[in-house]
Amino acid sequence: MPWDAETAYLDTTPPHLVARGLAYVTIALFVVAIVVALVVQVPETVSGRFMLVPRDGADPVRALKEGVVSEVRVHEGDVVARGAVLMVIRSAPLSDRSSEQRTLENQRRTDLERLRIAASQYETRQRSDAAEEQRLKARVAFLEQLIESKKSRLTQTRALADSALAGVRSGSVARLDASRLDIEAITL
């Protein structure tokens, strides 16, 4: 089978009926799109946050709860009696508020428990400090008595040492005994 350059590929020029049919279909689609655009009305929807502002110096309307206006029951120019329902506001479900209340009550209980624990720790620390103060006062009293005892002993030892030194000079007391009493007085 010999290879021929012209028979290797399909014919690249379509028949005139196919080209003409494709042109007619494209024009028909374009015309249908224009007719649909003119006939069909698509409503515009705008969404966003807004605030109702009174016109002509009217007083603003206040609500007890925050929420979204779900129904307006009056129209412009209507005479409205005092206390009449102007609009219905859809707010967060009551269950959300009750769970928030339970959370706050739990926090309050926790805070009261912490306060009770802190008061207990404070009282314990106060009792401990009072006991430590009593112990230290007793220690101070003991040390004061010990100082007085040591002073009395020092006075007596010094008198003995002076007497022994006088006895060494006269020869009635040994020098070793006098030195021992003198060292004990110095130590006291």
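What follows is a chat about a predicted model of a protein.

Visitor: Before I zoom in, what's the mean pLDDT here?
Guide: For this predicted model the mean is 82, and 81% of the residues reach 70 or more.

Visitor: And which elements have the lowest and highest mean pLDDT?
Guide: Helix α3, residues 175–187, is at the bottom with a mean of 78. Helix α1, residues 16–39, is at the top with 91.

Visitor: Why care about low values?
Guide: Where pLDDT is low, you shouldn't read the predicted coordinates in detail.

Visitor: Fair enough. How many helices and strands are there?
Guide: Three helices and two strands. Starting at the N terminus, the order goes α-β-β-α-α.

Visitor: What share of the residues counts as buried?
Guide: Just 4% of the 188 residues.

Visitor: Okay, so which residues make up the largest nonpolar core?
Guide: Five of them: Ala161, Ala164, Val168, Ala178 and Leu181. Helices α2 and α3 each put in at least two residues, and α2 gives the largest share, with three.

Visitor: Take Val168 from that set. What does Val168 touch?
Guide: Leaving out residues up to four places away in sequence, Val168 touches Val173, Ala174, Arg175 and Ala178. Ala178 is a fellow member of the core.

Visitor: Now Thr157. Where is Thr157 found?
Guide: Thr157 is in helix α2, which covers residues 94–170.

Visitor: Is Thr157 buried or exposed, and why?
Guide: Buried, because its relative accessibility is 7% and the cut-off for buried is under 20%.

Visitor: Which residues does Thr157 touch?
Guide: Skipping residues up to four places away in sequence, Thr157 has contacts with Leu181, Glu184, Ala185 and Leu188. Leu181 is one of the core residues too.

Visitor: Switching to the outside: which residues form a nonpolar patch on the surface?
Guide: The patch includes Ile27, Phe30, Val31, Leu38 and Val42, among others. Together the patch residues have about 1,100 Å² of accessible area.

Visitor: Where does Val31 lie?
Guide: Val31 lies in helix α1. Val31 counts as partly exposed because its relative accessible area is 45%, and partly exposed runs between 20% and 50%.

Visitor: And the accessible surface of the whole protein, how much is there?
Guide: About 17,800 Å², with 59% of that belonging to carbon and sulfur atoms.

Visitor: Last one: what share of contacts joins residues at least 24 apart?
Guide: That's 35%, taken among contacts between residues at least 6 apart in sequence.

Terms used:
Residues are numbered from 1 along each chain as its sequence is written. This is a predicted model: local features need pLDDT of at least 70, side-chain atom pairs count only at pLDDT 80 or more; totals for chains, interfaces and linings use all residues. Side-chain values use heavy atoms; hydrogens and water are left out. pLDDT is the predictor's confidence in each residue, from 0 to 100. Helices (H or I, at least four residues) and strands (E, at least two) are DSSP runs, numbered from the N terminus. Buried means under 20% relative accessible area, exposed over 50%, partly exposed in between (1.4 Å probe, protein chains only). Contact means heavy atoms within 4.5 Å. A nonpolar core is a set of buried Ala, Val, Leu, Ile, Met, Phe, Trp, Tyr and Cys residues joined through side-chain atoms within 4.5 Å. Patches are made of residues with over 30% relative accessible area and no salt bridge: like charges are joined within 9 Å, nonpolar side chains (Val, Leu, Ile, Met, Phe, Trp, Tyr) within 5 Å. Accessible areas come from the Shrake-Rupley method with a 1.4 Å probe; for residues, only the protein chains shown count as cover. A salt bridge is a side-chain nitrogen of Lys or Arg within 4 Å of a carboxyl oxygen of Asp or Glu.
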